[in-house]
Amino acid sequence: MSAVVVTGLGVVAPHGDDPHALFAALMRGESAIRPVFPELPKPAAAATVDFDAARWFTKLQLAGVDRVSQLAVAAADLAWRDAALATDAVAPERLGVYAGCGMGGAAALEAAYRSSNGRVPPLTIPAFMPNAPASHVAMRQRARGPVLTYSVACASSSLAIAEAAKAVRHGEVDVAIAGGSESLIVPGVVLAWQAMQTLAHFQPGEAATAVRPFAADRSGFALGEGAAFLILESEAHARRRGATPHATLAGWGSSCDATHLTKPDAEGQARALRAALRQAGLSPRDVGYCNAHGTATRIGDAVERDALAAVWGDALDDLRVSSTKALHGHLLGGAGALEAVITVMALREQQLPPNAHCGERDPACALNLVRDTGVQASQLRAAISSSFAFGGTNSVLLFTR
């Protein structure tokens with residue numbers, strides 16, 4: 001079976017819609033997290049996207065298309081362009097869409113709930129259904145092969161990428177558009193996350209630095225929105241059309257804790273990490289960077305450290321680690337895809353994005369964190385991106401240069 005390569009990257013993220021500009025902003029440690037909804041009882045912060053839907057949709061086309069689908073269509077289109085795929089490069093029946101979305105069209109649902117006159121828009125149901133983003137991407141790109149949605153909380157888009165890679169490797173499709181989107185920055189959703197006590201606390205003027213993964217004073221994450229997609233194809237297919245891959249998706253692993261709906265389990269995460277290494281045929285020492293799930297929650301960060309320690313053993317100090325959620329927020333269902341793009345960019349640019357805002361590291365999170373901006377990594381050959389979800393599902397993607 002031919003290797004699976006990444007030939008296109010597309011993002012619509014809090015730092016913009018250019019993967020290179022996004023990565024450069026992260027390397028500078030620029031935070032996109034800002035205060036939102038001052039009318040709420042408690043202060044809230046999130047990382048939002050400056051998005052002009054008119055670049056991709058006419059006013060008529062926007063009817064019944066929630067923001068989560070708009071972002072997905074744009075990111076998938078940008079990935080397609082980046083891959084330089086001609087319209088006739090792949091038969092529609094051999095083109096698949098594999099998309100992750102955790103909660104669907106929150107804006108459409110919020111509008112329906114808040115309808116004061118009882119007039120709920122007639123397209124509310126198709127607007128908020130979780131598979132709407134994948135369907136809109138398929139219609140835009142004329143994909144008539146498998147069009148599948150994975151709704152697995154924070155692991156959604158990471159698993160979508162893994163499942164797409166399986167389909168490419170086994171010859172089920174020639175090209176896969178794989179990634180995910182999420183757009184949940186509406187008052188009702190923010191209130192729900194605040195009720196879970198998982199969102200970061202901050203004082204006035206400190207929203208940008210509120211998320212501090214692995215830090216002793218961490219207090220939680222900030223929501224983010226956006227979309228990211230990768231174009232996956234076999235190495236042989238890419239070679240035939242003269243494409244230059246960004247990276248190889250060499251391994252992936254998934255597992256389930258099967259212990260608790262919201263409390264993570266180190267053993268379950270370790271199984272996913274080992275599976276990705278095993279499939280790639282690599283040892284822990286071969287992997288130089290981990291884009292961690294790193295939600296800056298009290299329990300989650302320490303459990304993730306324990307999982308990495310269980311797998312890397314005495315090689316743990318050689319693994320550089322950072323959670324970029326400190327800068328772009330937590331995209332939930334779209335997080336795995338955005339962080340996969342960032343991990344690919346780290347390999348391409350031979351640079352490591354920082355684990356921002358971590359003043360004093362928690363002793364329970366003893367990792368070789370990327371503490372500074374502008375860190376070079378000229379010997380980086382393999383990197384992983386981890387996504388660990390509510391529900392206990394774990395997903396790890398392993399990329400090689």
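**Helix H2, Leu223 and the aromatic pairs**

User: Does the length of helix H2 fit its residue count, or not, and what are the figures?
Analyst: In this predicted model, the end C-alpha atoms of H2 (residues 67-82) are 23 Å apart, which agrees with the 22 Å that its 16 residues should span at 1.5 Å a residue.

User: How many residues of H2 are buried?
Analyst: Of the 16 residues, 13 are buried, so H2 is largely enclosed by the rest of the structure.

User: What caps the N-terminal end of H2?
Analyst: Asp66 does, with a side-chain oxygen 3.0 Å from the backbone nitrogen of Val68.

User: And which residue takes a positive phi just after H2?
Analyst: That residue is Ala84, with a phi of about 55°.

User: Changing topic: where is Leu223, and is it buried or exposed?
Analyst: Leu223 belongs to strand E7 (residues 223-224). With a relative accessible area of 2%, Leu223 falls under the 20% cut-off and is therefore buried.

User: What does Leu223 touch, leaving aside residues up to four places away in sequence?
Analyst: Its contacts include Ala45, Ala46 and Ala47, as well as Ile185, Val189, Val190 and Trp193. Gly329, His330 and Leu332 are also among them.

User: What separates Leu223 from Ala13?
Analyst: Their C-alpha atoms are 12 Å apart, although the two positions lie 210 residues apart along the chain.

User: Trp193 has come up. How many aromatic pairs does a search of the whole structure find?
Analyst: The search finds three. One of them joins Phe51 and Trp56 in a stacked arrangement, 5.9 Å centre to centre with 15° between the planes. Phe51 and Trp56 are both buried.

User: Why is the pair of Trp193 and Phe390 called tilted?
Analyst: The planes of Trp193 and Phe390 stand at 35°, so the pair is tilted; the ring centres are 6.0 Å apart. This pair links distant parts of the chain, 197 residues apart. Trp193 is in helix H7 (residues 187-196), while Phe390 is in the loop between strand E15 (382-388) and strand E16 (393-400).

User: How accessible are Trp193 and Phe390?
Analyst: Trp193 is buried, at a relative accessible area of 8%, whereas Phe390 counts as partly exposed at 30%.

User: Which residues form a cluster through ring pairs?
Analyst: Trp193, Phe221 and Phe390 are linked into a cluster.

User: Last one: which residue lies over the face of Phe57?
Analyst: Arg140 does, at 4.9 Å from the ring centre.

Conventions. Residues numbered from 1 in each chain as written. Predicted model: local features only at pLDDT ≥ 70, side-chain atom pairs only at ≥ 80, totals over all residues. Heavy atoms only, no water. Helix = DSSP H or I, 4+ residues; strand = E, 2+ residues; numbered from the N terminus. Buried < 20%, exposed > 50% of the residue type's maximum accessible area, 1.4 Å probe, protein only. Contact = heavy atoms within 4.5 Å. Expected span 1.5 Å × (residues − 1). Polar contact = N/O pair within 3.5 Å; in protein donor to acceptor, adjacent residues only side chain to side chain. Phe/Tyr/Trp six-rings, centres within 6.5 Å; stacked < 30°, edge-to-face > 60°. Lys NZ or Arg CZ within 6 Å of the ring centre and 35° of its normal.
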